[in-house]
Amino acid sequence: MPERGLSWPVVTAAITILVLAGAAALAVSQALARSFNLLVYLLASSTALIDMLDMAARLYLCRRNGAGSPTSVPLEAEALTPRQKRVHLRPYAIVASVHEAQDGLDQFIRAMAPYRDRVWLIDDASRDSTALLLRQAGWRCITARSNLKKPGALRALVATLPPEIETLVVIDPDITIRDHREDGLSSFEELVFEFQRSGMSACCPRIAILKDGLLSRFQALEYCMSFSLGRFSLGDSCVNSGISIYRRADLTLALDRHSLSVYAEDLENSVILLEAGKQIYYDGRLVVDTEGKRRWRDWFSQRVGWNYGLLRVYVESFALVRRVARRSTQSAYQFLVYTGIFSILMQPVKLAGVGVLLLGFLQGLDGLLGLGLMPEWAVADPAYVVGAYAKYTLLAAVGMWIAVPRGERRPIAPIVPLYFFYAMAHVVPVSVGFGNWLSLRARGRRLFADHYQDEATLMQENRK
């Protein structure tokens with residue numbers, strides 16, 4: 001991106017701020033001229049207000065961790081050349097569980113070709129030719145007799161690795177590691193070397209979404225804020241993602257104590273390790289690219305599963321969560337305030353707020369078209385919609401500048417004015433995911449069957 005002149009993100013941000021300022025002024029003037037209910041306005045803006053408070057808290061915590069650093073904790077720099085680091089790099093392995101992945105194997109083989117000698121795979125009881133094709137292509141791949149899901153499959157795989165391997169890089173088969181090689185040591189291996197010298201249990205990389213469509217761009221901005229701001233703010237109490245680096249002994253510890261549920265398995269790993277006094281940090285220099293969900297149906301199913309898992313781990317492991325929260329200010333904020341209050345307890349408020357916004361939008365549309373179908377409800381004042389939109393779009397614009405690397409802003413900037421609608425839509429699958437957990441315990445079945453696990457095996461897992 002050129003250093004001089006106005007870039008497209010700058011122009012977009014300037015126009016967005018001007019539009020928001022005008023919209024907010026118009027909303028305030030209209031609200032003052034009519035009956036204005038502050039409580040209803042706060043309800044309509046609840047998601048925006050909560051996310052603003054969260055961003056402010058994250059910025060404060062990031063400043064405490066050291067603004068400008070690529071890692072959430074300071075790492076001791078050693079005056080070693082790349083060749084010296086290569087010599088002292090201890091054995092590591094890249095491990096993954098694959099299941100019925102034959103259609104995507106060509107992409108996986110291309111992405112992992114530079115690390116072929118380091119890769120160890122387990123085929124999780126695929127019914128297609130995944131294992132056969134991998135072995136024919138010369139990849140190490142053992143086979144599970146029954147479908148264990150990712151945590152169980154990884155536990156079985158780790159037990160078979162040579163004893164000298166002490167560092168494990170857990171990946172998913174649909175990722176690409178951003179890497180370059182210099183003097184015999186790749187940038188990826190240099191970060192693995194630094195992790196080995198850090199003495200910590202795990203390292204979370206930044207996961208970046210390939211931006212090839214509207215939905216993918218929404219997810220790209222969401223992921224940037226989640227990793228570059230969210231995880232960076234947590235210091236040495238970071239929460240792992242599905243792709244992470246672990247010390248082998250600590251991953252074994254986590255998997256031995258794990259419920260082996262596929263839902264929020266990375267969060268459960270983190271809670272187990274943090275409760276055991278281990279340290280997890282975030283390294284923004286290690287970037288892993290993956291494709292976002294291309295269809296809204298798949299995105300909805302993914303988010304339902306994520307939030308079912310979030311509530312499952314939080315409630316079922318709450319004794320561990322409370323002990324983790326005592327570690328530090330960052331832990332207390334992440335696990336008690338953000339997860340417990342903002343994400344779980346405030347979800348009914350967010351859902352009610354979306355209802356108010358929907359009524360306001362419909363009343364505004366009805367008035368614009370002159371249909372006269374909507375009654376003049378005070379709770380459905382379109383001014384509430386304008387105010388909530390203005391706040392959340394300004395939040396998204398600030399988030400883009402803070403969390404999105406400069407070279408990645410261009411394709412994201414145009415969707416900032418639309419991000420409000422994505423954030424409001426997100427409230428629905430979150431509510432369904434929480435509803436699934438409640439329904440499963442009250443009625444023995446889910447409200448919505450996501451793609452992670454079928455009903456029969458999920459019921460069997462919950463009876464254990």
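Start by selecting aspartate 212, which counts as partly exposed at 42% relative accessibility, where buried means under 20% relative accessible area, exposed over 50% and partly exposed in between, with a 1.4 Å probe and protein chains only. The model on screen is predicted, so local features need pLDDT of at least 70 and side-chain atom pairs count only at pLDDT 80 or more, while totals for chains, interfaces and linings use all residues. Residues are numbered from 1 along each chain as its sequence is written, and side-chain values use heavy atoms, with hydrogens and water left out.

**First stop: aspartate 212 and its partner**

Now add arginine 294 to the selection, because its side chain meets that of aspartate 212 in a salt bridge, 2.8 Å from N to O, the term standing for a side-chain nitrogen of Lys or Arg within 4 Å of a carboxyl oxygen of Asp or Glu. Arginine 294 lies in the loop between β10 and α12 (296-316), and aspartate 212 in the loop between β8 (202-210) and α9 (214-231), so the pair ties together parts that are 82 residues apart in sequence. The helices (H or I, at least four residues) and strands (E, at least two) named here are DSSP runs, numbered from the N terminus.

**Second stop: between two helices**

Select glutamate 222 and arginine 303 next, whose side chains also form a salt bridge, at 2.6 Å from N to O. Glutamate 222 belongs to helix α9 and arginine 303 to helix α12, and this pair links parts of the chain 81 residues apart. Are these two residues buried or exposed? Both glutamate 222 and arginine 303 are buried.

**Third stop: a network**

Move on to arginine 178 and aspartate 289, a salt bridge in which the closest N and O atoms are 2.9 Å apart. Arginine 178 sits in the loop between β5 (175-177) and β6 (181-182), whereas aspartate 289 is in strand β10 (residues 280-291), 111 residues apart. Arginine 178 is partly exposed, with a relative accessible area of 35%, but aspartate 289 counts as buried at 13% relative accessibility. Adding Arg206 and Glu408 to the selection completes one network, in which salt bridges that share partners join them with Arg178 and Asp289.

**Fourth stop: two single residues**

Threonine 130 is in helix α6 (residues 130-136) and counts as buried at 0% relative accessibility. Not counting residues up to four places away in sequence, threonine 130 touches Val98, Glu100, Ala101, Gln102, Leu105 and Asp123, a contact being heavy atoms within 4.5 Å.

Proline 70, found in the loop between α3 (46-66) and α4 (82-88), is partly exposed, with a relative accessible area of 36%. Leaving aside neighbours within four places in sequence, proline 70 is in contact with Phe232, Tyr282, Asp283, Gly284 and Arg285. For a long view, select glycine 355 as well: from C-alpha to C-alpha, proline 70 and glycine 355 are 40 Å apart in space, and they are 285 residues apart in sequence.

**Last stop: the whole protein**

Finally, show the entire protein, which has 18 helices and ten strands. Along its principal axes the C-alpha trace spans about 75 × 60 × 45 Å. Buried residues make up 51% of the 464 residues, and of the contacts with a separation of 6 or more, 77% are between residues 24 or more positions apart. A search of the whole structure finds 24 salt bridges, among them the pairs of arginine 294 with aspartate 212 and of glutamate 222 with arginine 303.
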